[in-house]
Protein chains: 2
Amino acid sequence: MTQLLKGMRVVEGSAFVAVPLAGMTLAQMGAEVIRFDRIGGGLDAKRLPVAPSGQSLFWAGLNKGKKSIAVDMQSPEGRELVTRIITAPGDDAGMFLTNLRVRGWMDYETLTKFREDLIMVTLMGDRHGRPQVDYTVNPALGIPDITGPEGHPDPVANALPAWDCIAGNMVVSALLAAERHRLRHGTGQDVDVALKDVAAAMLGNLGMIGDAVVNTAQRGKSGNALYGAYGQDFVCADGKRVMVIGLTARQWKGLVSATGTTDAMARLAVRKGRDLMDEAVRWELRHEITEILRPFFAARRVEEFADDFNKAGLTWSQFRSVKEAVEEDADLSTDNPVFTMLDQPGLGRFPVPGAPVTFSAAPRTAPQPAPELGAHTEEVLGDVVGLPDTEIARLFDTGVVQSPRYAAKLAAE
Amino acid sequence: MTQLLKGMRVVEGSAFVAVPLAGMTLAQMGAEVIRFDRIGGGLDAKRLPVAPSGQSLFWAGLNKGKKSIAVDMQSPEGRELVTRIITAPGDDAGMFLTNLRVRGWMDYETLTKFREDLIMVTLMGDRHGRPQVDYTVNPALGIPDITGPEGHPDPVANALPAWDCIAGNMVVSALLAAERHRLRHGTGQDVDVALKDVAAAMLGNLGMIGDAVVNTAQRGKSGNALYGAYGQDFVCADGKRVMVIGLTARQWKGLVSATGTTDAMARLAVRKGRDLMDEAVRWELRHEITEILRPFFAARRVEEFADDFNKAGLTWSQFRSVKEAVEEDADLSTDNPVFTMLDQPGLGRFPVPGAPVTFSAAPRTAPQPAPELGAHTEEVLGDVVGLPDTEIARLFDTGVVQSPRYAAKLAAE
């Protein structure tokens with residue numbers, strides 16, 4: 001959390017990764033972010049992984065530092081409340097992020113009747129309005145086809161919902177760009193982005209569409225090799241696996257030198273009549289290069305070369321499981337200012353990340369846990385919508401809104 | 001390209017994916033983005049994939065719509081020029097993005113002597129300043145350990161440099177947030193982000209760090225299954241492979257209904273004494289569910305169920321190679337307003353993406369191709385640095401700067 005965006009208010013109606021990530025990123029830069037959900041929780045309320053209590057670690061991870069309000073959106077009164085929250089006055093308010101496909105009361109046209117300069121950023125599945133998720137966009141565009149061990153017959157999907165993470169960050173920059181425009185011109189706008197278009201554009205940005213059109217030979221699976229230059233994984237004498245990189249000339253020379261393979265590489269270059277300082281040649285001859293490097297790693301435990309590699313400034317890392325990384329890597333611990341140890345009721349005690357970005361003008365503060373569902377219902381109805389206490393009490397009593405405190409009160413009666 | 005950020009000037013000293021992507025994203029929103037490179041090109045000038053001409057499709061993809069200046073930064077004069085470009089006056093200028101690790105003349109402390117309100121966003125490998133790339137960060141944090149076919153013994157790296165793509169978008173929002181702060185408070189700042197921290201934070205955001213600490217059973221490889229609910233790939237009668245999703249209750253009911261497996265799923269639920277409407281149960285019983293669904297797909301060609309699936313609003317897609325996607329999927333063609341067919345000298349003719357985001361207040365314009373290296377050297381030296389023509393001519397003649405036009409002139413002489 002920093003206070004960089006202090007005073008900005010953003011409303012979020014969302015589920016899953018991308019839009020919750022966008023709202024959280026803004027909250028971690030200091031914005032007030034109000035996420036509304038239906039009573040009982042949104043589509044992602046129980047998403048795995050969960051703690052032994054059954055509470056979602058996923059939800060807690062993607063909604064840190066937000067305010068939560070729980071509203072019955074089946075009721076006209078609930079819809080009116082959400083409309084009033086989204087369109088509440090304030091120079092630094094009137095911003096709405098969503099991936100819910102609600103036509104009618106919650107679309108841009110309707111909402112702008114209540115606040116003309118609204119900025120609304122909508123993430124869709126595809127540009128046609130059809131449902132698509134990370135797990136369907138990725139195979140449709142061919143990434144699993146080029147992922148996996150060489151010669152493996154089937155497509156291999158990545159375990160990281162990368163497109164969601166990318167799209168979520170694009171939602172943040174789209175909102176900030178639109179708000180910059182509103183500050184100068186006074187006009188809001190309707191901003192749309194489709195998850196599939198995010199992926200399609202990135203494919204083009206990485207040169208893969210051009211490659212598919214203008215080149216005959218198509219990129220296949222290449223295991224854990226770094227595409228297009230040299231980078232490879234090796235199993236060491238202690239059974240540990242490392243990744244070593246020779247992408248730039250400096251990295252390549254460093255790797256060859258640190259592994260004592262200068263002469264062998266020179267012989268390979270002569271034998272093939274090729275220049276290994278050309279990164280495309282390293283890619284072409286990667287198998288031969290790997291055979292030259294393999295004995296170095298096979299004969300050594302990681303600890304035997306780690307210091308030398310670090311001193312030489314090599315680009316390398318050790319493969320770990322997530323659990324090993326959490327246990328062994330200081331970058332995933334409170335040694336890293338990004339992380340704070342939090343004890344969260346129902347979840348447990350573990351290092352929780354704030355924003356990875358460090359702003360010198362807005363010092364980092366500790367990450368805030370995710371709210372309980374509806375924890376800020378009263379506060380938001382009072383401060384944002386401006387309802388009197390008697391009206392708020394009536395909304396609770398009629399079941400239009402919910403909060404943990406009200407639920408506890410009911411249970412105690 | 002839109003004109004949303006018209007008037008903003010950003011200078012970029014970069015290589016590879018993340019920071020070039022950040023600069024390009026700003027250019028596609030209308031900012032003037034000046035990328036400087038050493039004469040002959042930066043570290044990524046020849047990155048694969050390349051066209052038959054040898055020109056980099058990768059570089060062309062990640063530098064669209066920028067201005068390019070080529071400078072000899074080994075020379076004091078060249079360094080001074082770059083300093084003057086970065087710190088040139090202008091309310092909407094004084095913004096610098098970089099992933100080059102240059103201490104001394106190009107660090108924040110030195111540059112702010114020439115422009116106090118500079119905003120500088122630096123992307124590093126890790127927080128210690130050690131070199132790390134997407135291909136080393138990813139294995140260090142455990143994603144390849146959970147990627148790949150069930151039971152596969154080795155880690156499997158993804159073919160997409162996902163962390164780079166995520167970090168690049170974070171650089172954009174960090175810059176926009178810092179510029180918003182400067183507009184209001186008049187102060188620039190030094191903004192740092194490490195690629196490894198981006199990944200570490202995302203691991204936490206997705207609940208994976210909490211999962212590693214509080215749960216005994218650890219998530220393993222699960223092939224192409226959607227983690228945590230139901231989603232699976234199936235091979236159809238025509239040999240084509242599809243991905244089908246039952247993440248939400250609506251998706252799940254739709255999938256079961258469209259495949260005519262309602263009774264079989266009910267029997268499975270009874271036999272196991274579990275409720276398949278619970279997404280965690282669908283994950284637990286995914287293999288049994290898959291066996292029930294498999295005959296439906298094995299007996300049908302994709303075209304036999306595609307329309308029905310679409311009409312029912314199912315979330316699904318067909319696996320394709322990149323080449324097949326480019327040939328068959330209209331979302332990767334000029335049917336999609338994101339794409340424009342461009343004929344690029346040295347590269348060829350193929351659909352080129354603009355920004356995937358659509359802003360209603362700043363209509364989309366066609367994507368601009370990447371510049372030739374140094375194509376804007378004269379223009380930038382004149383318009384940004386304010387040098388007279390005689391001085392610019394002298395800089396060309398002494399080899400401090402370069403441009404394609406000057407190189408052609410030399411060759412002709």
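This is a short walk through the contact between two chains, and then a few details inside each chain.

The model is predicted, so please take everything here as computed from that prediction.

I'll start with the interface. Chain A and chain B each put residues into the contact: 150 residues from chain B and 150 residues from chain A. Between them the chains bury about 12100 Å², and 64% of that area is on carbon and sulfur atoms.

There is polar chemistry across the contact as well. Chain B and chain A share 57 residue pairs in polar contact, counting pairs with both residues at pLDDT 80 or more. On the chain B side, helix α6, residues 162-185, gives the most to the surface that touches chain A, with 17 residues. Sorted by class, that side of chain B has 86 nonpolar, 36 polar and 28 charged residues.

Salt bridges between chain B and chain A number 18. One example pairs B:Arg184 with A:Glu179, where the closest N and O atoms are 3.9 Å apart.

Over all chains, the structure has 56 salt bridges. One of them is within chain A, between the side chains of A:Lys67 and A:Glu379, at 2.7 Å from N to O. That pair links distant parts of the chain: A:Lys67 is in strand β3, residues 67-71, and A:Glu379 is in helix α15, residues 377-383, with the two positions 312 residues apart in numbering.

Next, the aromatic residues. Over all chains there are 26 aromatic pairs. In chain A, ring pairs join A:Phe234, A:Phe296, A:Phe297, A:Phe305, A:Phe309 and A:Trp316 into a cluster.

Chain B has charges placed over rings. The charged end of B:Arg286 sits over the ring of B:Trp283, 3.7 Å from the ring centre. B:Arg47 lies over the face of B:Phe58, at 5.6 Å from the centre of that ring.

Last, the backbone. Most residues other than glycine have a negative phi, and most peptide bonds are trans. Which residues does a cis peptide bond join in chain A? They are A:Leu48 and A:Pro49, with omega about 0°. A:Pro49 is in the loop between β2 (32-38) and α2 (57-62) of chain A. In chain B, a cis peptide bond joins B:Leu48 and B:Pro49, again with omega about 0°, and B:Pro49 is found in the loop between β2 (32-38) and α2 (57-62) of chain B.

A:Phe16 is not a glycine, yet its phi is positive, about 75°. A:Phe16 lies in the loop between β1 (9-13) and α1 (18-28) of chain A.

Notes: Residues are numbered from 1 along each chain as its sequence is written. Chains are lettered from A and ligands numbered from 1 in the order in which they are written. This is a predicted model: local features need pLDDT of at least 70, side-chain atom pairs count only at pLDDT 80 or more; totals for chains, interfaces and linings use all residues. Side-chain values use heavy atoms; hydrogens and water are left out. Rings of Phe, Tyr and Trp (its six-membered ring) pair if their centres lie within 6.5 Å; planes under 30 degrees apart count as stacked, over 60 as edge-to-face and the rest as tilted. A charge sits over a ring if NZ of Lys or CZ of Arg is within 6 Å of the ring centre and within 35 degrees of the ring normal. Contact means heavy atoms within 4.5 Å. Buried area is the accessible area (1.4 Å probe) that two parts lose on being put together, summed over both. A salt bridge is a side-chain nitrogen of Lys or Arg within 4 Å of a carboxyl oxygen of Asp or Glu. A polar contact is a pair of N or O atoms within 3.5 Å; within protein, one must be able to donate a hydrogen and the other to accept it, and residues adjacent in sequence count only if both atoms are side-chain atoms. Helices (H or I, at least four residues) and strands (E, at least two) are DSSP runs, numbered from the N terminus. Ala, Val, Leu, Ile, Met, Phe, Trp, Tyr, Cys and Pro count as nonpolar, Asp, Glu, Lys and Arg as charged, and the others, Gly among them, as polar.
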